[in-house]
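Please walk through the following fold with the model open beside the text, moving from its strands to its charged pairs and then to one histidine.

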Amino acid sequence: MTDPTALPNFGQPTPAAGGDGASASLTDKVVGVLNGFGFNPQIDSDGDVMYTVEDQNLFVRVMEGEIDLVRLFGQWQITDDITSDLAKRLNAANDVTLSLNIVKVGIARDMVVVSGEHLVTPDLDLQMVLPSTTQMILQATQLWHQSVNSDGPHAAEGGVPAFAQADGEQPTPEA
């Protein structure tokens with residue numbers, strides 16, 4: 001798995017061309033916002049919007065319906081230098097998911113999947129949501145990597161993960 005060590009500073013987007021976008025599809029709006037940040041989005045064979053940040057491929061799945069939803073996600077192959085112990089991988093995913101808002105982490109075969117979902121309402125600011133959730137996904141991936149390489153403690157065992165401890169806080173002793 002690639003360990004993204006530097007989180008990007010996204011700055012302000014370049015306005016998307018084509019007017020106010022009121023009649024554009026949600027996918028078109030997402031592509032426009034990501035283009036404005038210079039992420040060079042493309043539609044992949046699954047219909048997801050793929051974009052690259054700090055050499056990491058990320059995706060946006062747009063689900064339009066009665067209530068629109070966007071799901072931003074990344075998925076990384078877990079490399080041989082990471083433990084093959086499934087319980088340790090799942091504990092690390094659980095630690096990150098329980099420690100953060102919006103994002104969740106899961107394990108699917110030999111992949112770590114990190115995602116964040118948002119209901120899309122008329123007043124949702126995609127120019128704020130897309131880059132901030134992207135940053136949260138990259139940060140959660142880093143935290144998973146730290147947790148899976150640590151000896152705990154883990155939330156499932158009643159402890160506070162090392163990355164979530166305040167300076168000087170001691171891990172919860174085992175009973």
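In the hairpin of strand 2 and strand 3, which residue takes a positive phi? Glu 54 does, with a value near 50°, in a hairpin that has two residues between the strands. The model is a predicted one, in which local features need pLDDT of at least 70 and side-chain atom pairs count only at pLDDT 80 or more, while totals for chains, interfaces and linings use all residues. Residues are numbered from 1 along each chain as its sequence is written, and side-chain values use heavy atoms, with hydrogens and water left out.

Helices (H or I, at least four residues) and strands (E, at least two) are DSSP runs numbered from the N terminus, and two strands are said to pair if DSSP finds at least two bridges between them. By that criterion strand 2 and strand 3 pair in the antiparallel sense over five bridges, with Phe 59 in strand 3 as the bridge partner of Met 50. Strand 2 also pairs with strand 1, again in the antiparallel sense, over two bridges, and here Val 49 of strand 2 is the bridge partner of Ile 43. Strand 1 and strand 2 form a hairpin with five residues between them, and in its turn Gly 47 has a positive phi of about 90°.

The side chains of strand 2 alternate along its length: Val 49, Tyr 51 and Val 53 point to one face and are buried, whereas Met 50 and Thr 52 point to the other and are not. Here buried means under 20% relative accessible area, exposed means over 50%, and partly exposed lies in between (1.4 Å probe, protein chains only).

Side chains of opposite charge can pair when their charged atoms come close. The structure holds five salt bridges, each defined as a side-chain nitrogen of Lys or Arg within 4 Å of a carboxyl oxygen of Asp or Glu. One of them joins the side chains of Arg 61 and Asp 48 at 2.8 Å, N to O. Because Arg 61 lies in strand 3 (residues 56–63) and Asp 48 in the loop between strand 1 (42–43) and strand 2 (49–53), the pair ties together parts that are 13 residues apart in sequence. Asp 48 is buried at 3% relative accessibility, while Arg 61 is partly exposed, with a relative accessible area of 31%.

Further along the chain, Arg 71, Lys 104 and Glu 117 are linked in a network of salt bridges. Within it, the closest N and O atoms of Arg 71 and Glu 117 are 2.9 Å apart, and this pair links distant parts of the chain, with Arg 71 in strand 4 (residues 68–77) and Glu 117 in strand 6 (residues 111–120), 46 residues apart. For Glu 117 and Lys 104, the closest N and O atoms are 3.7 Å apart; since Lys 104 lies in strand 5 (residues 103–108) and Glu 117 in strand 6, that pair ties together parts 13 residues apart in sequence. Arg 71 is partly exposed at 22% relative accessibility, as is Glu 117 at 25% and Lys 104 at 40%.

The last stop is His 154, found in the segment after helix 3 (126–148) and buried at 5% relative accessibility. Leaving aside its neighbours within four places in sequence, His 154 is in contact (heavy atoms within 4.5 Å) with Asn 91, Ala 92, Asp 95, Ser 147 and Gly 159.
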